[in-house]
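Good morning, colleagues. I should like to use this short slot to walk through one structure. Please look at the screen with me.

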Amino acid sequence: QVEATIRLVQQAQASKAPIQEYADKISAIFVPVVLVISAITLFGWIAAFEFGWISKSVARTTVLFAVERAISVLVIACPCALGLATPTAVMVGSGVAAKLGILIKGGAAALEKSNSVNTIVFDKTGTLTMGSPAVADYQIYDYKKFGLENEGQFWLLVSSLESNSDHPLAKAICSFAKKVCDSFVFQLTEIHEQSGKGLKATVEIYGESFGLFVGNEGWMNANGCNNNSKHYRDRLNDWKSKGRSIVMVGMKLENADNTLSGTVVGVVGIADQIRPETTTAVGAIQKRGVQVWMLTGDHDKTAHAVAAQIGISPSHVISQVLPEEKFEKVRELQTKTGGIIAMVGDGINDSAALAQADVGIAIGSGSDIAIEAAQVIKTNLLDILVLLDISRKIFNRIKLNFVWAFGFNIIGIPLAAGVLYQNGVVLSPAIAGMAMALSSVSVIISSLLLRLYRP
């Protein structure tokens, strides 16, 4: 944990946002300009005294006086404050964010992009929902025609296939099956998983072979499994309207007879509770003028039902998305909106999309690969509001620091050059050095005031 924290701090220190690059470019121009101003000050004072343009009222020689003014200009115009403006605000602000439960990996670049986010895309399962799906209802049809004696045997058969998948819905079915399954002898072979669709295998029951399929409706159709009963269709529509994810079980007789081929023998409705803070967080984000989109592999009707409960517009729901397609959907949104896109996810399937987004946000309980791909790590959906707010505060503080730095030089350089000489105001190199240090201190104090931030 300590090594990980050190690495994150190093990344934050090394990263440069566009505003920091802009400051570096200004500094690259600023230094030669100051050298020119210093040279003009030197020769200008010598000429002014020698040609009598200004009456000399100091005890020092003309050259010594001119050299002091030139040195004062060089000393007071040190670009330290410009260099400190961004990193000090970023480091203080990142520390404040960490205390509030938000770990920012991307440093200044992530903060600047977070400040400009106008669209946030949420993965549904495990992000908008609790990520702990459970079987809410099920219906089994004609399982005895395939040699199964009771529902317990059906659940053992299905869970044995689903145990080969890491999908949350598969885990929900396995968890439920443990409570109701019944032992019997069978053999699974040729197991294959199609990511985002389902699994299939060949199962031998009492000497007869069947094809076994577990997955979504598209997976059933692709493998020739169907159920045309009205009860089956009504049940599906009812569950979809309640926002439940649906897993179907199909079986196919593989002998020459083929009379039972392509039958949906079971359908499972799985519910995943919406996070308590989801509706509040989504509503508050939308009030800030930020668009909210939902990305999910669920069926259209299920996805829209969940979106309606949360408060997301139907036009901002992208459903039936395969895991490998999330990356493309985020890229399409970037092209479509032309704005700064933030992606919020928690699983391995979200990692490519998190990396593609302008700002990737991983929830703290997410997978290691998702956290590694993200620029911001959070623990609660409400933290997104804090992220948007504190990034704005930090970015505004950086701009204020630049105002301090530029304003100080705009006032200090003419004074050091001696524009108020005839009014009796002259800055010695020592005073100019103190003033230069004061400019850096003022920027640091300005950044440290971010510690007073409260969400």
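Let me begin with a question: in which sense do β4 and β5 pair, and over how many bridges? The two strands pair in the antiparallel sense, and seven bridges connect them. I should say at once that this is a predicted model.

Let us stay with this hairpin. Three residues lie between β4 and β5, and in this hairpin Gly-196 adopts a positive phi near 80°. Across the pair, Glu-193 stands opposite Leu-199 in β5.

Leu-199 also leads us to the next strand, for its bridge partner in β6 is Val-214. Strand β5, residues 198-205, and strand β6, residues 208-215, run antiparallel and are joined by eight bridges.

We may now step back to the whole sheet. It is an open sheet of six strands, in the order β3-β8-β7-β6-β5-β4, and the pairing is antiparallel. At the edges are β3, residues 134-140, and β4, residues 186-194, each of which pairs on one side only. On average, and with direction ignored, neighbouring strands of this sheet are turned by 20° against each other.

Finally, the helices. Helix α8, residues 168-180, packs on the sheet and touches β3, β7 (245-253) and β8 (263-271). The direction of α8 makes about 75° with that of β3. Helix α10, residues 230-241, lies across β3, β7 and β8 as well. With respect to β3, helix α10 runs at about 165°.

To close, I would return to the edge strand β4, which pairs on one side only: its antiparallel pairing with β5 is where we began. Thank you.

Methods
Residues numbered from 1 in each chain as written. Predicted model: local features only at pLDDT ≥ 70, side-chain atom pairs only at ≥ 80, totals over all residues. Heavy atoms only, no water. Pairing = 2+ DSSP bridges. Helix = DSSP H or I, 4+ residues; strand = E, 2+ residues; numbered from the N terminus. Axes fitted to C-alpha atoms, helices over the stretch in contact; angles between N-to-C directions. Contact = heavy atoms within 4.5 Å.
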